[in-house]
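Work through the exercises below with the coordinates open. Each task is followed by a stepwise solution.

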Amino acid sequence: MITIPYLTALTTYFSYGLLFAFGQFRDFFRKIFDRWHASNLQGYAPICLGLEDFYIRRLYLRIQDCFGRPISSAPDAWFDVVERYSNDNNKTLKRTTKITRCLNLGSYNYLGFAAADEYCTPHVIESLHKFSPSTCSSRVDGGTTTVHTELEECVANFVGKPAAVVFGMGYVTNSAILPIFIGKGGLIISDSLNHNSIVNGARGSGATVRVFQHNTPSHLEKVLREQIAEGQPRTHRPWKKIIVIVEGIYSMEGELCKLPEIVALCKKYKAYVYLDEAHSIGAVGKTGRGVCELLGVDTADVDIMMGTFTKSFGSCGGYIAGSKEVIQYLKYSCPAHLYATSISPPAAQQIISSIQVILGEDGSSRGAQKLARIRENSNFFRSELQKMGFEVLGDNDSPVMPIMLYNPAKIPAFSRECLKQNVAVVTVAFPATPLLLARARICISASHTKEDLVKALEVISRVGDLVGIKYFPAEPNKQHQEQSMMKLE
């Protein structure tokens, strides 16, 4: 639970209220002015109308230079950012030929596989020559290659499940799979901060959806007891099935799921467990096998294990792992498997090769070193930010660490000032987060060196002082930088 300082909440509401009032005031005069011009709609209803359109025009467009920044290199520890300019108050942005080399604190490149790798890259190039950039077909037609079958076996062995199926897009892995698992007469109990792909998948399933307080097993038990006692709406018949959906690491909070307690509750009330490990697989655990390994949970107790390859593995797509019967059922019925183009063979080979590095099957210890480095980098960076007085969310070992900004004016200020000092960060605000809880989301990588992290801390500290986001008193430390360097050595 985030406790927002009273004055901060008050000023944030006031800022949004001021923006809303002036925006509505301008729209009022805009409507009057438009009456004098002929409309091209010819009786059509406006295709873009409502609060979403108002938010885009009056709030988002003012700061859109902070989002969608084009890059012209691999998303490694440092990358090249293409500079842009606007001649119409940010309504449109135009690229320049100027490139700025920036420290990358925004990409999900947790283990550093997004850049060229001495083991992965040659294998990927070889697969590109042997197969092609695309299969140009769905899996059930001509889109299943030997690389795909090898990948599914590799993933199943890695996560500790009998079988797995892979898809070409991580978002679709949730949104297209959930309607296959459950439908009308079923119950989905979802964490209140689950990813949008889970929300859309749950809505599209036709099942009844209930939400429990974020990462609160006691409230989950309360919801389970109430729903089992009441049964289905109107008929009060028993639910056909109940699925509890949680994430391994919550992408906007950086928190680890309380998986042992949740699994115990699901066993007690005979509910299935669906675990989304998009941000945890490959990034946490002694051998990179995710939150089950980190928290000591037997994978046999998790019915459906979902994850993506877009973070730790430097590729694209997602997977579902479970029993052989479940995976076979998905292959017969899931539209993402039956109709969508299969994952690119080079992308599939990248995943296989990165897993081999993580497990040491490449004949080196680089995988273990990467896992140790991401853990050390994440814990060091989080502790230093907290010492400086920032409000940082999340748990130790998590490579995701949100810095709370709150006020809408501080979103572009923090992003732009960091960019001026060659540090690229990602800011997140409404509607991706609640209105009051805007933040900068820092993602740490194993490819970051100690010098990179110290530079980032120096810049973020200066910008934090400038925009006023140090909500706690900093710890006195006269030799801060020297001690920072020693901790990482």
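**Exercise 1. Describe the lining of the largest pocket.**

Step 1. The model is predicted. Its largest pocket has 33 lining residues, and N194, H195, N196, S251 and M252 lie nearest the centre.
Step 2. The space in this pocket is about 840 Å³.
Step 3. Sort the lining by class: 14 residues are nonpolar, 12 polar and 7 charged.
Step 4. Assign elements. At least two lining residues each come from β4 (187-191), α7 (196-205), β5 (208-212) and β13 (439-443). The largest share, 5 residues, belongs to α7.

**Exercise 2. Which residues touch the most other members of the largest nonpolar core?**

Step 1. The core holds 102 residues; V244, F381 and F414 touch the most other members.
Step 2. Take F381 and skip neighbours within four places in sequence. Its contacts are M401, I442, I444, L453, A456, L457 and I460.
Step 3. A second, separate core has 23 residues, including F181, I188, I327 and C334.

**Exercise 3. Analyse the salt bridges R101–D80 and K98–E83.**

Step 1. In the R101–D80 bridge, the closest N and O atoms are 3.0 Å apart.
Step 2. R101 sits in strand β2 (residues 94-104) and D80 in strand β1 (residues 78-85), so the pair ties together parts 21 residues apart in sequence.
Step 3. Check accessibility. R101, at 43%, is partly exposed; D80, at 19%, falls under the 20% limit and is therefore buried.
Step 4. K98 and E83 meet at 3.9 Å, N to O. K98 is in β2 and E83 in β1, so this pair ties together parts 15 residues apart in sequence.
Step 5. K98 is exposed at 51%, while E83 is partly exposed at 29%.

How values were computed: Residues are numbered from 1 along each chain as its sequence is written. This is a predicted model: local features need pLDDT of at least 70, side-chain atom pairs count only at pLDDT 80 or more; totals for chains, interfaces and linings use all residues. Side-chain values use heavy atoms; hydrogens and water are left out. On a 1 Å grid over the protein atoms alone, a cavity is a set of points where a 1.4 Å probe fits but cannot get out, and a pocket is an open set with protein on both sides within 12 Å along at least five of seven lines; lining residues have an atom within 4 Å of a point. Grid points are joined across faces, edges and corners, and a volume is the space filled by probe spheres set on the points. Helices (H or I, at least four residues) and strands (E, at least two) are DSSP runs, numbered from the N terminus. Ala, Val, Leu, Ile, Met, Phe, Trp, Tyr, Cys and Pro count as nonpolar, Asp, Glu, Lys and Arg as charged, and the others, Gly among them, as polar. A nonpolar core is a set of buried Ala, Val, Leu, Ile, Met, Phe, Trp, Tyr and Cys residues joined through side-chain atoms within 4.5 Å. Buried means under 20% relative accessible area, exposed over 50%, partly exposed in between (1.4 Å probe, protein chains only). Contact means heavy atoms within 4.5 Å. A salt bridge is a side-chain nitrogen of Lys or Arg within 4 Å of a carboxyl oxygen of Asp or Glu.
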